[in-house]
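Biologist: Could you walk me through this model and tell me how the labels on it were earned? I would like to see the reasoning behind each one.

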Amino acid sequence: AFGRLMTHIAVLRRLSRSVAALLEAGENPLLHASIVKDLGATLEQEIPEIARQLVDDGQYASKGQPIFQLVPRISNPMIEARFSYRQFDEVKPGTRVNFQIAGEDEVRTGQIVGSSSLNSEDLAADIRVQIKPDGALPAELAGPGPIRVVHFWDPGCPCNVGNQQHLAELVARFAPRGVVFYAVQKPGSRGHLPAGLSTLQALDGLPGAERLPASPAVGIWDGEGRLAYFGPYSEGAVCNSANSFIEPVLEALAAGRPVSAANTLASGCFCAWH
């Protein structure tokens with residue numbers, strides 16, 4: 001739920017900036033403004049339901065206690081949970097656990113790294129535990145380093161034909177400038193990238209990749225290890241530099257300009273990831 005809220009906000013911000021750009025260029029922004037208005041109304045209606053989902057059944061927060069906190073993308077956040085004192089033996093540090101985040105269907109795994117009583121003077125007080133989730137970013141992507149591009153692909157997708165030609169052009173243009181390219185293949189699929197893309201370094205997986213809606217898709221991390229872009233390569237049935245989102249992002253990052261354009265929406269040739 002929280003992820004959906006942030007995605008909607010990011011899309012609204014992008015669309016709002018496009019309206020401002022049209023006004024500055026002296027063009028008619030009526031259609032874009034109508035879309036922004038409709039999306040804003042939808043978001044406003046969803047906020048109460050999202051707020052209700054922030055604390056799941058069986059967990060509750062004290063007045064003034066934060067429910068979510070924003071952390072750097074390269075960090076591995078900690079999860080706090082609350083248990084009855086009767087479960088003391090089951091929630092000791094070092095215990096492996098499965099857990100779910102409110103509003104998500106995915107079952108996550110992690111390890112309890114700390115526990116404390118909510119009231120040290122009451123042996124029957126509830127216990128607060130800290131859980132360290134599994135699934136930190138691979139070492140290749142975490143932290144400072146070169147600009148990194150991760151290509152998500154499904155060998156059985158017919159959209160690969162145009163996309164792989166475009167990707168080869170990106171590699172030829174940006175690899176000599178220090179950009180490093182990786183590939184994540186759809187789990188359970190069989191196939192190999194063509195010879196022209198053999199320089200892409202394979203990653204066994206990426207935390208969160210299981211929630212990818214479609215491919216081909218691309219993620220770009222800047223030199224500080226921050227996610228700068230995540231989404232489709234381009235918009236339209238044909239994938240090339242003329243309608244690409246990627247070249248402007250890489251050029252900006254190479255010039256030292258910050259970029260934050262995750263969750264871009266587009267229509268084009270895609271195949272379901274699941």
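Modeller: Gladly, and please keep in mind that this is a predicted model. Let's start with strand 5: six bridges connect it to strand 6 (residues 180–185), and the two run parallel.

Biologist: What makes strand 5 and strand 6 a pair?

Modeller: Pairing asks for at least two bridges between two strands. Strand 5 and strand 6 have six, so they count as paired. Within that pairing, F152 stands opposite V184 in strand 6. The route from strand 5 to strand 6 goes through helix 3 (residues 160–174), a right-handed β-α-β crossover.

Biologist: Which way does strand 9 run against strand 5?

Modeller: Antiparallel: strand 9 (residues 217–221) is joined to strand 5 by five bridges. There, V150 stands opposite G219.

Biologist: How covered is strand 5 (residues 148–153)?

Modeller: Mostly covered, since six of its six residues are buried. One side carries R148, V150 and F152, the other V149, H151 and W153, and these are all buried.

Biologist: W153 brings me to helix 3. Why is Q164 called buried?

Modeller: The relative accessible area of Q164 is 15%, and buried means under 20%, so the label applies. Q164 lies in helix 3. Leaving aside neighbours within four places in sequence, Q164 is in contact with W153, L193, P194 and L197.

Biologist: Let's turn to charged pairs. How many salt bridges does the structure hold?

Modeller: Six. One of them joins the side chains of K92 and D89, at 3.6 Å from N to O.

Biologist: What makes the contact of K92 and D89 a salt bridge?

Modeller: The cut-off is 4 Å between a Lys or Arg side-chain nitrogen and a carboxyl oxygen of Asp or Glu. With 3.6 Å between K92 and D89, the pair therefore qualifies.

Biologist: And why do K92 and D89 get their exposure labels?

Modeller: D89 has 61% relative accessibility and exposed means over 50%, so D89 is exposed. K92 has 38%, which falls between 20% and 50%, so K92 is partly exposed.

Biologist: Is the K186 and D154 pair buried or exposed?

Modeller: K186 is buried, and so is D154. Their salt bridge has its closest N and O atoms 3.7 Å apart. This pair links distant parts of the chain, 32 residues apart: K186 is in the loop between strand 6 and strand 7 (201–202), and D154 is in the loop between strand 5 and helix 3.

Biologist: How do you know that E251 and R177 form a salt bridge?

Modeller: Their closest N and O atoms are 3.0 Å apart, and the limit is 4 Å, so the label holds. E251 sits in helix 4 (residues 246–254) and R177 in the loop between helix 3 and strand 6, 74 residues apart. R173 also belongs to this picture: R173, R177 and E251 are linked in a network of salt bridges.

Biologist: Why does E251 count as partly exposed?

Modeller: Its relative accessibility is 24%, and buried would need under 20%, so E251 lands in the partly exposed class. R177, at 47%, is also partly exposed because exposed means over 50%.

Biologist: What is the order of strands in the open sheet?

Modeller: The order is 1-4-3-2, with antiparallel pairing. Strand 1 (79–83) and strand 2 (96–99) are the edge strands, because each pairs on one side only. Strand 3 (residues 108–117) and strand 4 (residues 127–133) share seven bridges, and R128 in strand 4 is the bridge partner of S116.

Terms used: Residues numbered from 1 in each chain as written. Predicted model: local features only at pLDDT ≥ 70, side-chain atom pairs only at ≥ 80, totals over all residues. Heavy atoms only, no water. Buried < 20%, exposed > 50% of the residue type's maximum accessible area, 1.4 Å probe, protein only. Helix = DSSP H or I, 4+ residues; strand = E, 2+ residues; numbered from the N terminus. Right-handed = clockwise from strand over helix to strand, strands pointing away. Contact = heavy atoms within 4.5 Å.
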